[in-house]
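Work through the exercises below with the structure open beside you. Try each task before reading its solution.

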Amino acid sequence: MKDTSRREFLKSTGAAAIGGTLAFNIGLPKSSFAANSDTLKVGLIGCGGRGTGAANQALNADPNVVLTHMADIFQDRLDLSINSLKKRHADRVMVENGNKFVGFDGAKNVIDSDVDVVILTTPPYFRPKQLEMAVEAGKHIFCEKPMAVDAPGIKRVIAAAKKAKEKNLSLVSGFCWRYHSAKRETFGRVLDGAIGDVHTVYNTYNTGALWLRDVEPDWSPMRKKMRNWLYYNYISGDHIVEQAIHSIDMMSWALGDVQPVKATGTGGRQSRTGKEYGNIYDHFAIVYEYENGVKGFHFSRQQKDCSGSYGVEMMGSKGHCVVDCGRGRHTIKGAEDWRFRGSGNDMYQQEHDELFASIRSGKPMNDGAWMARSTMLGIMGRMVAYTGQTITYDQALNSEEKLGPDEITNNTEFTDPPVAKPGITKFI
Ligand SMILES: NC(=O)c1ccc[n+]([C@@H]2O[C@H](COP(=O)([O-])OP(=O)(O)OC[C@H]3O[C@@H](n4cnc5c(N)ncnc54)[C@H](O)[C@@H]3O)[C@@H](O)[C@H]2O)c1
């Protein structure tokens, strides 16, 4: 059986349906691991902190999974990643030299290979295109949040997710709290009415400063920016989209992932103003307004030596629920008081356990609709803060503003958009 037909078979039947007797040569290098017809091959695109973690979790999820292809734009990142993964999974990290890709074409090489599953963990700028390519190539996908940096990107993600569904491909997102057992039970109770009708959600992601990586003087300007991608809004989406999106996602979860009507907000940069910090803000405060007067209040900052807070509080007609991500507390005060007393789980592992189980069972998962909605809420928050305008959800989603260039490579020359100024920066 050729690999292509094997993949078709995997897609249409689920790997579990493939008998172990259909052994064939799948061209893997020599290893103590005996690859067989049920073996699922994984390709990692973006071998940084999260990508390495996700590949480890993929290998933990299922004993018959191997990592065969990797891509990054920096050799040292790829080397670090593969060395770390080999320490944990010596026999199932089977990446031949010809399957290690360094450069901006690497993602395409991995997606066009014979892998069954791709892990998309590059900076978010690349996500829409890589998602499209992966779905087109018939791969199952784990993709990190956020899903895009602008509204045109979100539209591409929505379309790709729809196509993944049509093609029976699994698509799992890195909105990890949705895979956390304590959060699942807590939000499940809230959605079942434990605090009555939720009318207000307050959510925070107030944290300190983040990393700044060394760059080589002879690198091109874009290569330097790629090393510190967080600080360029067209690559990361700004921190409300790149990081605080986890809290906004939980707000959306508590409200049943319905569409808000409009948002108003503010933000800026006060403590992180140096050139090395690109063009992003260091704080945001947004009010999301939903039907029937329901409101969501979001606060986030990345400012060192300030108080921290990461969580969601939900106020309802019959009670109050607090989810404190920092302390790991989940409490409800309502008709019946409750707190989560379980031991919780490893949410990152859970994402991959469910992804691989879904592939094995031939029952595809698809996080597409809500992962796109939550990311769009972050983008909308950034839009209202940058412009100082009140913007409806429909206006935000139909925005034609593309933050970055059509393509990024080491040689791309692109002038960073200036730091946004409310009242002066226009909504496009
Ligand atoms: N769910 C979570 O809790 C969580 C935690 C951390 C990061 N993330 C998300 O994961 C993604 C990656 O974050 P990270 O912390 O691992 O960052 P990172 O910088 O450590 O890793 C990103 C890697 O992608 C590489 N890369 C950049 N462009 C590429 C391209 N076009 N092709 C191939 N490789 C490319 C970079 O060189 C880098 O090694 C981001 O979207 C981030 O928001 C999620």
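**Exercise 1. Strand β8**

Task: Find which strands pair with β8 and in which sense, then work out how its side chains are arranged.

Solution. Start with β15 (residues 391-392). Two bridges join β8 to β15, and the two strands run antiparallel. One point of register is Ala-263, which stands opposite Ile-391 in β15.

Now turn to β9 (residues 283-289). Its pairing with β8 is antiparallel too, over seven bridges. Here Thr-266 stands opposite Ala-285.

Next, look at the side chains. In a regular strand they alternate between the two faces of the sheet. β8 (residues 262-268) shows such alternation: Ala-263, Gly-265 and Gly-267 point to one face and are buried. Lys-262, Thr-264, Thr-266 and Gly-268 point to the other face and are not buried.

The model is predicted.

**Exercise 2. The open sheet**

Task: Give the strand order of the six-stranded open sheet, and say which strands stand at its edges.

Solution. Trace the sheet across. The order is β3-β2-β1-β4-β5-β6, with parallel pairing. β3 (100-102) and β6 (171-173) stand at the edges; each has a single partner strand, so one side of each lacks a neighbour in the sheet. On average, neighbouring strands are turned by 15 degrees against each other, direction ignored.

Then check the bridges of β2 (residues 65-72). With β3, β2 pairs in the parallel sense over three bridges. Asp-72 has Val-102 of β3 as its bridge partner. With β1, β2 makes six bridges, again parallel. Gly-43 has His-69 of β2 as its bridge partner.

Finally, ask about burial. Eight of the eight residues of β2 are buried, so β2 is largely enclosed by the rest of the structure.

**Exercise 3. Helix α5**

Task: Decide which residues of α5 are buried, where they lie around the axis, and what they pack against.

Solution. List the buried residues of α5 (residues 127-136): Arg-127, Pro-128, Gln-130, Leu-131, Ala-134 and Val-135. They cover an arc of only 165 degrees around the axis, which puts them on the same side of α5. Their packing partners are β1 (40-45), α4 (106-111), β4 (117-120), β5 (140-143) and α6 (151-166). Past the helix comes Gly-138, with a positive phi near 75 degrees.

**Exercise 4. The ligand shell**

Task: Describe the residues around the ligand by distance, by element and by class.

Solution. Begin with distance. There are 26 residues around the ligand, and those that come nearest are Gly-46, Gly-48, Arg-50, Arg-77 and Glu-144. Go on to elements. α2 (49-61), β2 and α4 each supply at least two residues of the shell. α2 gives the largest share, three residues. End with class: the shell divides into twelve nonpolar, eight polar and six charged residues.

**Exercise 5. Buried or exposed?**

Task: Sort Val-312, Ser-307 and Asp-105 into buried or exposed, and relate each to a residue far along the chain.

Solution. Take Val-312 of β11. Val-312 has 29 other C-beta atoms within 10 Å and is therefore buried, since the cut-off for burial is 20 or more. Leaving out residues up to four places away in sequence, Val-312 touches Val-201, Asn-203, Ser-247, Met-250, Met-251, Ala-254 and Val-323. Ile-424 is 112 residues from Val-312 along the chain, and their C-alpha atoms are separated by 32 Å.

Ser-307 lies in the loop between β10 (295-302) and β11 (309-316). Ser-307 counts as exposed because it has 7 C-beta neighbours inside 10 Å. Its C-alpha atom is 8.5 Å from that of Gly-208, 99 residues apart along the chain.

Asp-105 sits in the loop between β3 and α4. With 12 C-beta neighbours inside 10 Å, Asp-105 counts as exposed. Asp-105 and Thr-409 are 304 residues apart in sequence, yet 9.0 Å apart in space, C-alpha to C-alpha.

**Exercise 6. Backbone checks**

Task: Identify the peptide bond from Lys-145 to Pro-146 as cis or trans, and find the phi of Asp-238 and of Asp-257.

Solution. The bond from Lys-145 to Pro-146 is cis, with omega near -15 degrees. Pro-146 belongs to the loop between β5 and α6.

Asp-238 has a positive phi near 80 degrees. Asp-238 lies in the loop between α9 (233-236) and α10 (239-242) and is buried, with 31 other C-beta atoms within 10 Å.

Asp-257 has a positive phi of about 55 degrees. Its loop runs between α11 (245-254) and β8. Asp-257 is partly exposed, with 14 other C-beta atoms within 10 Å.

Technical notes. Residues numbered from 1 in each chain as written. Predicted model: local features only at pLDDT ≥ 70, side-chain atom pairs only at ≥ 80, totals over all residues. Helix = DSSP H or I, 4+ residues; strand = E, 2+ residues; numbered from the N terminus. Arc of directions from axis to C-beta. Contact = placed C-beta atoms within 7 Å. Pairing = 2+ DSSP bridges. Axes fitted to C-alpha atoms, helices over the stretch in contact; angles between N-to-C directions. Near = placed C-beta within 6 Å. Nonpolar A, V, L, I, M, F, W, Y, C, P; charged D, E, K, R; others polar.
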